Amino acid sequence: QVHLVESGGGLVQPGGSLRVSCAASGFGLGDYAIGWFRQAPGKEREEVSCVTKGDGTTTYGDSVKGRFTISRDNAKNTVYLIMNNLKPEDTAVYYCAINIPGICGNEYDYWGRGTQVTVSA
């Protein structure tokens, strides 16, 4: 069975920081590319960040560059998204997903259920 479970979301003040986690079971995360996505009500799903397998190259969406960092811990079978300098427009449900061929920016094969991040004063 393939499962992805996000956690760590919550309410944070503007300018604050938060780390969300994506824990995998049934497979090893190190064999795949892992992407973080977000979707706010009434808006299109947005790719936030991704890390490839192999050399671990990372990519970031323009709206989060310099503020967010993706980190993969293969030993814990978990990938993290560290979010700094959070803004109200970062409010969304955050999802993780895997790409089996290990390539970012391609179609994704499995998704978690998401974790809510709310940035508000």
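Where in the chain does asparagine 77 lie? In this predicted model, asparagine 77 is placed in the loop between β7 and β8, and that loop is a convenient place to begin. Strand β7, made of residues 68-73, and strand β8, made of residues 78-83, run antiparallel and are joined by 6 bridges. Where the two strands face each other, aspartate 73 stands opposite threonine 78 of β8. The hairpin that they form has 4 residues between the strands, and within it asparagine 77 adopts a positive phi near 55 degrees, although asparagine 77 is not a glycine. Because its relative accessible area is 16%, under the 20% limit, asparagine 77 counts as buried.

The hairpin can also be approached from strand β3, residues 18-25, where serine 21 is found. With residues up to four places away in sequence left out, serine 21 touches Val5, Glu6, Ser7, Trp36, Thr78, Val79 and Tyr80. Among these contacts is Thr78, the threonine that stands opposite aspartate 73. Serine 21 has a relative accessible area of 14% and is therefore classed as buried.

Beyond β8 the chain enters the loop that leads to β9, residues 92-99, and this loop holds aspartate 90. Is aspartate 90 buried or exposed? Its relative accessibility is 1%, so aspartate 90 counts as buried. Leaving aside residues up to four places away in sequence, the residues that aspartate 90 touches are Arg38, Arg67, Phe68, Asn85, Val117 and Val119. Within its own stretch of chain, a polar atom of the aspartate 90 side chain lies 2.8 Å from the backbone nitrogen of lysine 87.

Two of the contacts of aspartate 90 are with arginines, and both are salt bridges. One of them is formed with arginine 38, where the closest N and O atoms are 2.9 Å apart. This pair links distant parts of the chain, since aspartate 90 belongs to the loop between β8 and β9 while arginine 38 belongs to strand β4, residues 33-39, and the two are 52 residues apart. Aspartate 90 and arginine 38 are both buried, the latter with a relative accessible area of 6%.

The other salt bridge brings the side chain of aspartate 90 together with that of arginine 67, at 2.7 Å from N to O. Here too distant parts of the chain are linked, with arginine 67 in the loop between β6, residues 58-60, and β7, and with 23 residues separating it from aspartate 90. As in the pair with arginine 38, both aspartate 90 and arginine 67 are buried. Through salt bridges that share partners, Arg38, Glu46, Arg67 and Asp90 are joined into one network.

What does arginine 38 contribute to this network besides its bridge to aspartate 90? Arginine 38 also forms a salt bridge with glutamate 46, the closest N and O atoms again lying 2.9 Å apart. Glutamate 46 has a relative accessibility of 28% and so counts as partly exposed, whereas arginine 38 is buried. The count of salt bridges in the model comes to 4.

The loop between β6 and β7, which holds arginine 67, is also where valine 64 is found. Valine 64 is buried, with a relative accessible area of 1%, and, apart from neighbours within four places in sequence, it is in contact with Arg38 and Val48. Arginine 38 is thus a contact of valine 64 as well as a salt-bridge partner of aspartate 90. The C-alpha atom of valine 64 is separated by 9.6 Å from that of asparagine 85, a residue 21 places away along the chain.

Asparagine 85 is found in the loop between β8 and β9, where aspartate 90 also lies, and asparagine 85 is among the residues that aspartate 90 touches. Its phi is near 50 degrees, a positive value in a residue other than glycine. At 45% relative accessibility asparagine 85 counts as partly exposed, whereas asparagine 77, with its own positive phi, is buried.

Past β9, the chain passes into the loop that runs to β10, residues 110-111, and isoleucine 100 is found there. Because its relative accessibility is 38%, isoleucine 100 counts as partly exposed. Together with Val2 and Tyr110, Ile100 makes a nonpolar surface patch of about 230 Å².

Key:
Residues numbered from 1 in each chain as written. Predicted model: local features only at pLDDT ≥ 70, side-chain atom pairs only at ≥ 80, totals over all residues. Heavy atoms only, no water. Pairing = 2+ DSSP bridges. Buried < 20%, exposed > 50% of the residue type's maximum accessible area, 1.4 Å probe, protein only. Polar contact = N/O pair within 3.5 Å; in protein donor to acceptor, adjacent residues only side chain to side chain. Contact = heavy atoms within 4.5 Å. Patch = residues over 30% accessible without salt bridge, like charges linked within 9 Å, V, L, I, M, F, W, Y side chains within 5 Å. Areas by Shrake-Rupley, 256 points an atom, 1.4 Å probe, with all protein chains shown as cover.
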